[in-house]
Amino acid sequence: MHHTTGVGRTAAVLAAALTVTALMTGCTPTGEDGAAAVPSSPASAPSAPAKPSAPAKPSATHEASPPAGPTPAGGTKACTTGQVKVSDAHQADVRPPGTGTGAVVVPVTNTSTHPCTLQGFPTVAGAGNGSPDHNLPLATTHSGPATAVTLAPGARVWTKLTFVNVQGEADGYCVSGATPATFPTLVLGVPGAGSHQIAMDDGIFAECDNKVTVTAFSSAEPS
């Protein structure tokens, strides 16, 4: 009778274990078609719907500032007091009959280095005792239209003043029965360009009823 030693039994057990391990290592689970089964990945979570993009903001626009106001004669500024000189009046060629002043023509000159515009009618006052502080405004009547006139540097415009004329000799008389008035100087108001004291180039102003008819400033010299 042969007796198996402990060492032999151990060796036999190890050999059997190695055989089983080798058999298991060569086996791989397969699918129905024989391909190796691959575990499926978990289903992806549905992505959140994209947020609609905000509408683009319109770019800022800059509105032009409204003009401060219309300027006459295509953008040329109105004449100011410092830009004009009102010269002494001279007697008009065409005037009412009588022995008084009748009518005078008054020139206004642009003495500045920039063009400017005049438009409108003058105001007229008698300077009492030759002083503007004692003005006697005359009632004015406008004659003809008033259009804007552009004065280049050194250019002139004119206005004509026609009075109720004094009649007769010496101190004369007024047809209305009023007493004639005389003024050594007048104060002429120019629209936008101040008041200017003027004299006659020959004599003094003599008129009746403290009335005067005036033409608008014009580039054409009246007669």
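This briefing walks through the main features of one protein chain. The model is predicted. The chain has 223 residues, and 29% of them count as buried. Its secondary structure comes to 1 helix and 13 strands. Two disulfides turn up in a search of the whole structure, along with 1 aromatic pair.

**Overall layout**

- Read along the sequence, the pattern is α-β-β-β-β-β-β-β-β-β-β-β-β-β.
- The pattern thus opens with the helix, and strands follow.
- Helix 1 covers residues 6-25, and strand 1 covers 84-86.
- The loop between helix 1 and strand 1 holds Cys 79.

**The disulfide of Cys 79 and Cys 116**

- A disulfide is a covalent bond between the sulfur atoms of two cysteines.
- Cys 79 is joined to Cys 116, with 2.0 Å from S to S.
- The torsion about this S-S bond is about 85°, so the disulfide is right-handed.
- Cys 79 sits in the loop between helix 1 and strand 1, while Cys 116 sits in strand 4 (residues 116-118), so the bond ties together parts that are 37 residues apart in sequence.
- Cys 79 has a relative accessible area of 1%, so it counts as buried.
- Cys 116 is at 0% relative accessibility, so it is buried too.
- The cut-off behind both calls is that buried means under 20% relative accessible area.

**The disulfide of Cys 174 and Cys 208**

- Cys 174 is joined to Cys 208, again with 2.0 Å from S to S.
- The torsion about the S-S bond is -95°, and this link is left-handed.
- Cys 174 lies in the loop between strand 9 and strand 10 (181-183), and Cys 208 lies in strand 13, so this pair ties together parts that are 34 residues apart in sequence.
- Cys 174 is buried, at 5% relative accessibility.
- Cys 208 is buried as well, with a relative accessible area of 1%.
- With bonded cysteines counted along the chain, the disulfides follow the pattern 1-2, 3-4.

**The aromatic pair**

- A pair of aromatic rings is described by the distance of the centres and the angle of the planes.
- Phe 163 and Phe 205 form an aromatic pair, with 6.5 Å from centre to centre.
- Their planes stand at 55° to each other, and the pair is tilted.
- Why tilted? Planes under 30 degrees apart count as stacked and over 60 as edge-to-face, so the rest are tilted.
- Phe 163 is in strand 9 (residues 156-164) and Phe 205 is in strand 13 (residues 205-215), so the pair links parts that are 42 residues apart in sequence.
- Both Phe 163 and Phe 205 are buried.

**Thr 101 and its polar contacts**

- Thr 101 lies in the loop between strand 2 (90-91) and strand 3 (103-110).
- Its relative accessible area is 3%, so Thr 101 is buried.
- The side chain of Thr 101 reaches the backbone oxygen of Ile 204 at 3.4 Å.
- A polar atom of the Thr 101 side chain also lies 2.6 Å from the backbone nitrogen of Ala 206.

**The largest pocket**

- The largest pocket has a volume of about 180 Å³.
- It is lined by 14 residues.
- The closest to its centre are Thr 99, Gly 100, Ala 170, Thr 182 and Ala 206.
- By class, the lining has 5 nonpolar, 6 polar and 3 charged residues.
- Ala 206 therefore appears in two places: it is among the residues closest to the pocket centre, and its backbone nitrogen makes a contact with Thr 101.

**Positive phi in strand 13**

- Asp 209 has a positive phi of about 70°, although it is not a glycine.
- Asn 210 has a positive phi too, of about 50°, and is not a glycine either.
- Asp 209 lies in strand 13, and so does Asn 210.
- Asp 209 is partly exposed, at 27% relative accessibility.
- Asn 210 is also partly exposed, with a relative accessible area of 27%.

**Ala 148 and Ala 216**

- Ala 148 sits in the loop between strand 7 (139-143) and strand 8 (149-151).
- Ala 148 is partly exposed, with a relative accessible area of 34%.
- Ala 148 and Ala 216 are 68 residues apart in sequence.
- In space, the two are 9.5 Å apart, C-alpha to C-alpha.

How values were computed
Residues numbered from 1 in each chain as written. Predicted model: local features only at pLDDT ≥ 70, side-chain atom pairs only at ≥ 80, totals over all residues. Heavy atoms only, no water. Phe/Tyr/Trp six-rings, centres within 6.5 Å; stacked < 30°, edge-to-face > 60°. Helix = DSSP H or I, 4+ residues; strand = E, 2+ residues; numbered from the N terminus. Buried < 20%, exposed > 50% of the residue type's maximum accessible area, 1.4 Å probe, protein only. Disulfide = S-S within 2.5 Å. 1 Å grid on protein atoms, 1.4 Å probe; cavity = no way out; pocket = protein on both sides within 12 Å on 5 of 7 lines; lining within 4 Å. Points joined across faces, edges and corners; volume = space filled by probe spheres on them. Nonpolar A, V, L, I, M, F, W, Y, C, P; charged D, E, K, R; others polar. Polar contact = N/O pair within 3.5 Å; in protein donor to acceptor, adjacent residues only side chain to side chain.
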